[in-house]
Amino acid sequence: MALDSKIPKGPIKDKWTDYKNHIDLVNPANKRNIDVIIVGTGLAGGSAAATLAELGYNVKAFCFQDSPRRAHSIAAQGGINAAKNYQGDGDSTYRLFYDTVKGGDYRSREANVYRLAEVSANIIDQCVAQGVPFAREYGGLLDNRSFGGVLVSRTFYAAGQTGQQLLLGAYSAMNRQIGRGKIKMYNRHEMLDVVKVDGKARGIITRNLITGEIERHSAHAVVLGTGGYGNVFFLSTNAMGSNVTAAWKAHKRGAYFANPCYTQIHPTCIPVSGDHQSKLTLMSESLRNDGRIWVPKKMEDVEAIRNKTLKPKDIAEEDRDYYLERRYPAFGNLVPRDVASRAAKERCDAGFGVNATGEAVFLDFASAITRYGKEQAHVKGLNENDAALVKKLGQEVVKNKYGNLFQMYEKIVDQDPYNTPMMIYPAVHYTMGGVWVDYNLMTTVPGLYCIGEANFSDHGANRLGASALMQGLADGYFVLPYTIGDYLSNDIRTGPISTETKEFEDAENEVREKLNFFVTNEGQHSVDYFHKKLGKIMWNKVGMSRNVKGLTEAIAEIKELRAQFWKDVKVPGTNEEYNEELAKAGRVADFLELGELFAKDALNREESCGGHFREDSVELDGEQKGEALRDDENFAYVAAWEYKGEPSDAVLHKEQLEFKDIELKQRSYK
Amino acid sequence: MSGILNSSIGRKFAMALSALFLMIFLLQHFAINLLSVFSADTFNEVSHFMGTFWAVQYVMQPVLIFGVIFHFVMGFVLELKNNKARQVSYAKNNGAANSSWMSRNMIWSGLAILAFIVLHFIDFWIPEINTKYIVGDMSGLHNGEFRYFHELVEKFHSPLRVGAYVIAFIFLALHLLHGFNSAFQSVGANNKYTKGMKTFSKVYAIGIPLGFIFIALFHHLTGH
Amino acid sequence: MNLTLKIWRQKNASDKGKMVDYKVNDISPDMSFLEMLDVLNEQLVNNDESPVAFDHDCREGICGMCSLYINGEAHGPDRGITTCQLHMRMFKDGDTITIEPFRATAFPVVKDLIVDRSSFDRIQHAGGFISVNTSGNTIDANAIPVNKHDADKAFEAATCIGCGACVASCKNSSAMLFVGAKVSQFALLPQGQVEATDRVLNMVKQMDEEGFGNCTNTGACEVECPKGISLENIARMNREYLAASIKG
């Protein structure tokens, strides 16, 4: 099947408006007869559920957590971008569009990104009307900050808890519809398959995580807003329950999976402390606005720090290597995430890592504290040369800006970041790849939609800071409600979809069989044993920098691990109870397939772009020597994989990307 | 407005209002008792006025009795409801980590105060009602003199009774240490004055019962 | 560190349940409390025993899923954190640690340490929202200026993660801090004032129907709240409720 991205004709700035003017609408009376299933209740799923219910559709929403409010969108810290230009610093829809495409290293679809930039301003209006308490200035108007390597201040925020506030906003909109009976909420339910009837997505099979009951649910369309698959690395900043299962089942039912290798490794996370570690904690990127990243210049200092015979703050200024400022003088500490992450890895690989594992660099606030302290002393007419006073005043400013993050760091690491630099290291954070969708956000399965991080979406090969929240809410509040209506307008005479059909029965039986296999298999090793092994392979060979040898090995190793998993996995208990090991087993089984496709995709893409860095595709000389080199001639396409059984049999379909409004350039942050 | 007393917040509010009323009464009671330390005559005069003035006897007294009963009954109702809200208790609970002993034991300090009120009624109120309304002697005289001061002193002869009073007042202090401020929080007052109110409430909660103890001991030690 | 754990085991909602003792060895002080439980569960699975069920998800203190009552306190002995942020350095080698589910009639136990907190959701369904359509066709965000002080207070109230530690810690199992936080967030913002009367009446009504106890202002909730939500929010709700009762 050839990929049709269904991008509307016409100039980019008119596409979305024209599109909305010409789609088919469903009249309100008919909407009452149409059911929509939404899986996942994060920013994308939650906002979509609320909006579709409000339009009049009957929505059934599913989440595996005990409440929609706990979706992992809640953990997003930094902020949300919107082209409001409240600061009058030259921002515009076009500039947000441009920054997003450039930040994504020219691997996203122009029309989608432009639409995203266009609706971004609406998101802020909407959220404020819903009572989301964004940070404000003393005049009562909204405050902005600059974020993640862009030249304007367009990021709206609520301290370090923006994701939480936006999610609770969407949750409150859902609650209103749940109260009205327009959304039927299924908590602690996990989707285990998509059901297709006559080629169209018409329902899902779920497992009630409390009772183990397998249920059939039907609808006229199915929407997946199930988030990313970063947990394929075992250790990531994702929640423990975040998984690829819904997206992967959709893939197995015919939805193409696009660009799985595009993964964002976030530069500022708390380093791994030992083998017991179950997850990694992100420290907001906003910290890089004030923190300076460095490692010691001299190896003996590195060793002294590891042995705890030297304190980092006692290392003289000239013995510190502020490597981002050195390598990228124009952007310094604010280079995009992929660049910052690789630079940290480069220093640590060279032996300059500053903790026991050798995988950490410093993020230092001392100069920011001094700068702010002097400023405050000046404002208050106090002595700017009183070091103790300046430090105190500066710490107060830093506390106001990042207090919750500093507290979190201190709780985890047991060090006071006001007085000693933080230690950070990159960690898997976000997956730009995902289920392939067209301009309507529909997958290659008719009636099956995919929104938010779960789709391959708008971020190309690398996502800019504060854009994930924007995309999730744009998809759910403002895009999907239009595009799905166009599709559902053909279903006004269909009537209710029966679950008593062969298609549902077959899907349910398949699900039961698999669950049954797990609880009866007499294996040796726990699910986590395999998940950790998979994570190690992924991190070492498909992580921040990739090469042909490593990727080829990874593919073989994952295949072998998968075979071992099916032979030797041990799941205690039964299906008919709350059984977290069983739930995990199903998820890890899917990760073991995805992981291989991921490596295969990385092997196929013989270029470096965004989060995907191939050691064999770098600038060979000149000022940019050693930096990532994109290959637009051969790889300016979306790699969409079709499921054919084993991941190794997956068939590649290419969606050629056309850039009419933005000129392709190599990224430079020098 | 209907059903406000059936809501959790309505009950809290009623509890707080009755508490505030009782605290004002307590202050007045204390002030009059304190007179007995300084001047038997003034104490007698004021006591006689309070005991015979119609507005006190027929308006304030019933209101007070209603307030006391209401506060106790509501306290029990809330306690029962609150117990129902957790039917399985913790195997290990460290309440001291997050709240004061006083706040967690209002029912016990309250019961101690209730027991005291029974004793107090037997000691003073029932004989008083008996003399005035059953026997019909509204004169307040005994052998040609006001009887109030004399009766007061007489009651505090017994070290047992004085001991019981002292213990009851300690419970009252414990009750007030939480209750005073709690009443303000319940009626919705939590603002820039809260800090000052907290200090004042501590002074009141300790000062008033201490004063009562002082009066009891004073008469016990000086009475003949 | 080597530890003894006394853990509440209960097969399902109808089982009676009991405390069971376990031993875990070689626990690193850098582990989080939940990672320590992971070690126990790995051990149980390897010994063909049933692992201890407990709720957890984000493991960074924001989702509000984890809900353990540890040594007599919600989220354990540390302050301003959830269970996932509690680290084993708070304990000593040889300690015995008691681990129970959050207890309240309105939070029935589902299994072991997992409780059903859907009563919180139902309170939110009753009024935890501002009734605006999500079409995006509202007025410009800056057309509604909000006094910074109020905006900050609203934000502080809004940081509630809905974990239920307030209910678990309260001797009366009262949910007033949770409900007060939501009522306050909207009461402090001009957008929320339009339907303030109905909101507070409906949310309190639902709260009472769910079987939570009455607040007696012990303040335990504020102390144990991972996000430090202030008692001020309860006072504000009391005011809002009383005013609303008189009005409507």
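Trainee: What distance separates the centres of domain 1 and domain 3 of chain A, taken over C-alpha atoms?
Mentor: Happy to help! This is a predicted model, where local features need pLDDT of at least 70, side-chain atom pairs count only at pLDDT 80 or more, and totals for chains, interfaces and linings use all residues. Residues are numbered from 1 along each chain as its sequence is written, while chains are lettered from A and ligands numbered from 1 in the order in which they are written. Chain A is divided into domain 1 (39-264 + 429-490), domain 2 (268-428) and domain 3 (522-635), with bounds from an automatic or database domain assignment. Between the centres of domain 1 and domain 3 of chain A lie 24 Å.

Trainee: How many residues does each of these two domains of chain A bring to the contact?
Mentor: Two residues are in contact if their C-beta atoms, placed from the backbone, lie within 7 Å. The contact takes, from domain 1 of chain A and domain 3 of chain A respectively, 31 residues and 30 residues.

Trainee: Which element gives the most to the side of chain C that touches chain A?
Mentor: Helices (H or I, at least four residues) and strands (E, at least two) are DSSP runs, numbered from the N terminus. This contact takes 69 residues from chain C and 67 residues from chain A. Among the elements giving two or more residues on chain C's side are α1 (33-46) and α5 (176-187). With 7 residues, the top contributor is α1(C).

Trainee: And which element supplies the largest share of the side of chain C that touches chain B?
Mentor: Here 41 residues come from chain C and 37 residues from chain B. The largest share, 10 residues, belongs to α9(C).
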